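Biologist: Could you walk me through this model, one piece at a time? I'd like the reasoning along with each answer.

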Amino acid sequence: MQKRFNMKEVAPQALKAMIALETYLSRASIAHTTKELIKIRASQINGCAYCINIHTADAIKNGETTQRIFLLNAWKETEGIYTAEEKLVLSITEEITLIHHNGLSDETYANALQFFSEAQIADIITAVITINLWNRVVLSTHLQIGQSLA
């Protein structure tokens, strides 16, 4: 596959808006580790090797264990690996990423309210939709590991 176009050249304002979302998330109310779990899990679901590569490396640099990264695709089958809050965030990530199934369920949302404020839930949702945006751009432009988006 060849990279189709340079986003920075073809749609600089779109890229600027995407980067603005990342800037917002850098100051968001959710932990950095949680954000990386969201990014990795959504990228796994979407099959985005480029983003999986970046975010697993970032997670490891920031202290995430390889065991938790390796098991992320099967998080529902684990005990004692992820916290209840992290499992809830992963449920939110999957339900929003796979929105065509049923979207964010009432049950998951109600459970989220037990652990997170509405502002934190908004940040979690923003993190999920942002990585899904990046996944779709990367996959649609055929960006390969090691290539630059801009």
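Modeller: Sure, and let's start with a term: a cavity is a set of grid points where a 1.4 Å probe fits but cannot get out. Keep in mind that this is a predicted model.

Biologist: Good. How many cavities of 30 Å³ or more are there?

Modeller: The cut-off for counting is 30 Å³ or more. The largest cavity holds about 30 Å³ of space. With that rule, the count comes to one.

Biologist: Which helix gives the largest share of the lining of that largest cavity?

Modeller: The lining residues are His-32, Thr-33, Glu-36, Ala-59, Asn-62 and Glu-64. By type they split into one nonpolar, three polar and two charged. Helix H3 covers residues 32-46. Three of the lining residues, the largest share, come from H3.

Biologist: On to helix H4. What span is expected for its 13 residues?

Modeller: H4 runs over residues 49-61. The rule is 1.5 Å times one less than the number of residues. From first C-alpha to last, H4 reaches 18 Å, close to the expected value of 18 Å.

Biologist: And which helices help cover the buried residues of H4?

Modeller: Buried here means under 20% relative accessible area. In H4 that picks out Tyr-50, Cys-51, His-55, Thr-56 and Ala-59. Ala-59 also appears in the lining of the largest cavity. The cover over the buried residues includes H3, H5 (66-71) and H8 (118-141).

Biologist: Which residue following H4 has a positive phi?

Modeller: Look just past the end of H4, where phi is near 100°. The residue there is Gly-63.

Biologist: Is Thr-78 buried or exposed?

Modeller: Thr-78 sits in the loop between H5 and H6. Leaving out residues up to four places away in sequence, Thr-78 touches Leu-71 and Lys-87. Its relative accessibility is 6%, and the cut-off for buried is under 20%. So Thr-78 counts as buried.

Biologist: Which residue's backbone oxygen lies 2.7 Å from a polar atom of the Thr-78 side chain?

Modeller: A polar contact needs N or O atoms within 3.5 Å. At 2.7 Å from the Thr-78 side chain, the partner is the backbone oxygen of Trp-75.

Biologist: Last one: is His-100 buried or exposed?

Modeller: His-100 is in the loop between H6 (84-97) and H7 (106-115). Its side chain makes a polar contact of 3.2 Å with the side chain of His-101. The relative accessible area of His-100 is 61%, and exposed means over 50%. So His-100 is exposed.

Definitions and conventions
Residues are numbered from 1 along each chain as its sequence is written. This is a predicted model: local features need pLDDT of at least 70, side-chain atom pairs count only at pLDDT 80 or more; totals for chains, interfaces and linings use all residues. Side-chain values use heavy atoms; hydrogens and water are left out. Helices (H or I, at least four residues) and strands (E, at least two) are DSSP runs, numbered from the N terminus. Buried means under 20% relative accessible area, exposed over 50%, partly exposed in between (1.4 Å probe, protein chains only). A polar contact is a pair of N or O atoms within 3.5 Å; within protein, one must be able to donate a hydrogen and the other to accept it, and residues adjacent in sequence count only if both atoms are side-chain atoms. Contact means heavy atoms within 4.5 Å. On a 1 Å grid over the protein atoms alone, a cavity is a set of points where a 1.4 Å probe fits but cannot get out, and a pocket is an open set with protein on both sides within 12 Å along at least five of seven lines; lining residues have an atom within 4 Å of a point. Grid points are joined across faces, edges and corners, and a volume is the space filled by probe spheres set on the points. Ala, Val, Leu, Ile, Met, Phe, Trp, Tyr, Cys and Pro count as nonpolar, Asp, Glu, Lys and Arg as charged, and the others, Gly among them, as polar.
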